[in-house]
Amino acid sequence: MKARVLLIDPPFQVFFEQSHNQFPLGLGYLAASLEKNGIETLILNADYSPTIKSVVSEKQMIDKYEDYINAIKTHDHPSFKEIRAIIEDYNPTIVGVTVRTPKYMSALIVASVVKSVNKNISVVFGGVHPTLLPEIVIKNENVDFVVRGEGEITIVELVKGLVNDIENVKSITYKRNDTIIHNPDRELIHDMDSIPFPARHLMIKKTDDPNYYNIIFATRGCPHNCTFCASKNIWTRQVRFRSPKNVVDEIEFVKNKYKCNIFNFIDDSFVVNPKYTIQICDEINRRKLKIKWVCETPASSVTDDLIKQMKAAGCYSLMFGVESGNAEILKKVNKSSTKEEMILAAALVKKYKLRLTCAFMIGFPWDTRDTIRETVEFMKELDPDLAGISITIPYPGTELYNTYIEEGCFNKEEDIDYTYFNQINPRMFNRNIEEEDQIKIVANIVKIFNNHNRLKLIKGLFNNPRLYFNLLIGNKNIGVKLLINMLRYLIR
Ligand code: B12
Ligand code: SF4
């Protein structure tokens, strides 16, 4: 029987009535490689719904926590019904599921829906969570294969090898009778330009929102070593670069095909090598692409000249992870930037009138009421246009995870309840603060951050109307929708 692959990004945000309006990039890469090898493939973003909002407040997400817990107990949620209907209709031979820890419980329901339609469909789990815990994930009765690490070559070999050559497919874990077999690891792909562009056209649910398709990954790997980060487990700390030409070719292609003028570099640290970043800027300018773009960077990489050149090439917003306002905690998590560097970087971003986004975390094992207060104060000092707050989750495979185990914050692997391993969980795994107080503290901080963001949005509209105007123009066909959403957000 001819192989037919369905790749699924499991539902999660939709359980909180929020739609994830971005195409799943990792699945896009896998689909492109499969397509190049003549294998029929489709991608389902089960976390996207055209009928619900893409932005809701953290409070709404926390309020709906029970709905999520209930949704992952049965096959009844509309997203699981949608998956069932698509499988019945498309009749795949292989279903690949991308799994990050927050979506693990949902991914297991997806696997059980697949098997309930047809137990002969092979279910393959890949992505960061199965890569970190292949031994545990493969024990699930509905998971046939785990693909560890970078997936483009492995998925093609696996689909082809399913007939009779599984033993020779590197980087897979599977069961043979009662034994778990881990085939040897695969080398990372050296020639990054050899990887085909993500297959955005293979999405089952299409949208006319150009920004759905606007994410770009120029580099793989990050040299830093933050103890809470699992990225190195997939990509390692060695950075691999696509050529600037290849990256800008993709941008130009997406711009022309999807009428997209705003791009989002989601690399771990896009400006890790300033020379490379400037080469990309030069290529964008040389082609007169007239695009706007955003990226993430460690604050320590930011320099005056770099920001100037990035702005000239269309960069309008920079994000950096601040994490904590307590210098000791920053040291303990191996943060590559100091508070002083962050203050300097924030000032530079403001000097060039770019939008500044900062991400903060609370609930580290060493956090106390005082250090959390310091984090809030530091947020106010940096005064970003958008401040994000997450509860620290010790993702498996990270050093921080081991710290939590050592500190007795939770017990051994088998006892861990992954329903709580996500950014919305209102409880912290912290022993310095009582559980009831934790919930109050989280609610209070979410309120402070939300109020800050609203105020900044109003100020931004007055202080830098040109930036907002340009963004709306850049999004002509969704401009009005965006404006309505902003107004809704302001009056909520
Ligand atoms: C961009 C990004 C986001 C974006 C997502 C945008 C999007 N449309 O996907 C946003 C901002 C929404 C986001 C949110 C979050 N993220 Co995030 N995110 C990333 C980031 C930087 C890039 C993801 C990406 O697209 N990579 C590029 C693609 C090509 O890689 P990939 O998806 O891993 O796929 C490859 C392989 O893993 C494998 N593969 C993947 N799936 C499958 C499936 C099969 C079948 C096979 C065979 C292979 C395979 O093959 C692919 C190609 O080689 C990663 C770090 C990183 N560098 O990867 C963190 C990361 C994935 N995020 C992480 C976290 C923690 C979060 C949040 C919880 C953060 C928060 N506190 O809010 C939320 C959770 C979101 C959710 N609901 O799951 C962690 C995940 C840890 C874990 N154990 O799961 C990572 C690893 C970073 C970290 N700090 O450790 N994130
Ligand atoms: S800088 Fe970002 S990607 Fe790199 S290790 Fe730290 S958190 Fe991970």
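## A parallel pair to start from

Let's begin inside the sheet, where strand 3 (residues 94-98) runs parallel to strand 4 (residues 122-126), the two being joined by 5 bridges. One of the residue pairings here links Ile94 with Ser122 of strand 4. Please keep in mind throughout that this is a predicted model.

## The sheet around it

These two strands belong to an open sheet of 7 strands, with mixed pairing and the order 2-1-3-4-5-6-7. At its edges are strand 2 (40-45) and strand 7 (179-182), each of which pairs on one side only. Ignoring direction, neighbouring strands are turned by 20° against each other on average. Helix 1 (residues 25-36) packs on this sheet, where it touches strand 1 (4-9), strand 2 and strand 3. The direction of helix 1 makes about 170° with that of strand 2.

Towards the other edge, strand 6 (residues 172-176) and strand 7 run antiparallel and share 4 bridges. Lys175 has Ile180 of strand 7 opposite it. The two strands form a hairpin with 2 residues between them, and Asn177 in the turn has a positive phi of about 50°.

## Two domains and their contact

Stepping back to the whole chain, we find domain 1 (4-182) and domain 2 (208-491). Their C-alpha centres are 26 Å apart. The contact between them involves 25 residues of domain 1 and 24 residues of domain 2.

On the domain 1 side, the elements giving two or more residues are helix 2 (58-63), helix 3 (65-71), helix 5 (104-117) and helix 6 (128-132). Helix 2 gives the most, with 4 residues. Sorted by class, this side of domain 1 has 16 nonpolar, 6 polar and 3 charged residues.

The record adds a label: an unreviewed UniProt entry carries the annotation "domain: B12-binding" for residues 2-169. Over residues 2-169 the model is 42% helix and 15% strand, with the end C-alpha atoms 19 Å apart.

## The shell around ligand 1

Where does ligand 1 lie with respect to the two domains? Domain 1 and domain 2 both give residues to the shell around ligand 1, so ligand 1 lies between them. That shell counts 38 residues, of which Gly26, Gly96, Thr98, Gly126 and Gly151 come nearest.

Several elements give two or more residues to this shell: helix 1, strand 3, strand 4, helix 6, helix 8 (152-161) and helix 9 (231-235). Helix 1, which also packs on the sheet, gives the most to the shell, with 4 residues. The parallel pair we started from, strand 3 and strand 4, is thus met again here, as both strands are among the contributors. Helix 6 appears in this list too, having also given residues to the side of domain 1 that touches domain 2. By class, the shell has 19 nonpolar, 14 polar and 5 charged residues.

## The shell around ligand 2

Ligand 2 has its own set of surrounding residues: Cys222, His224, Asn225, Cys226, Cys229, Ser231, Asp268, Ser269, Pro298, Gly321 and Ser336. By class, this shell is made up of 4 nonpolar, 6 polar and 1 charged residues.

Note on methods
Residues are numbered from 1 along each chain as its sequence is written. Chains are lettered from A and ligands numbered from 1 in the order in which they are written. This is a predicted model: local features need pLDDT of at least 70, side-chain atom pairs count only at pLDDT 80 or more; totals for chains, interfaces and linings use all residues. Domain bounds come from an automatic or database domain assignment. Two residues are in contact if their C-beta atoms, placed from the backbone, lie within 7 Å. Ala, Val, Leu, Ile, Met, Phe, Trp, Tyr, Cys and Pro count as nonpolar, Asp, Glu, Lys and Arg as charged, and the others, Gly among them, as polar. UniProt positions are given in the numbering used here, feature names are shortened, and annotations may be inferred rather than shown by experiment. Two strands pair if DSSP finds at least two bridges between them. Axes are lines fitted to C-alpha atoms, for helices over the stretch in contact, and angles run from 0 to 180 degrees between N-to-C directions. A residue is near a molecule or strand if its C-beta atom, placed from the backbone, lies within 6 Å of it.
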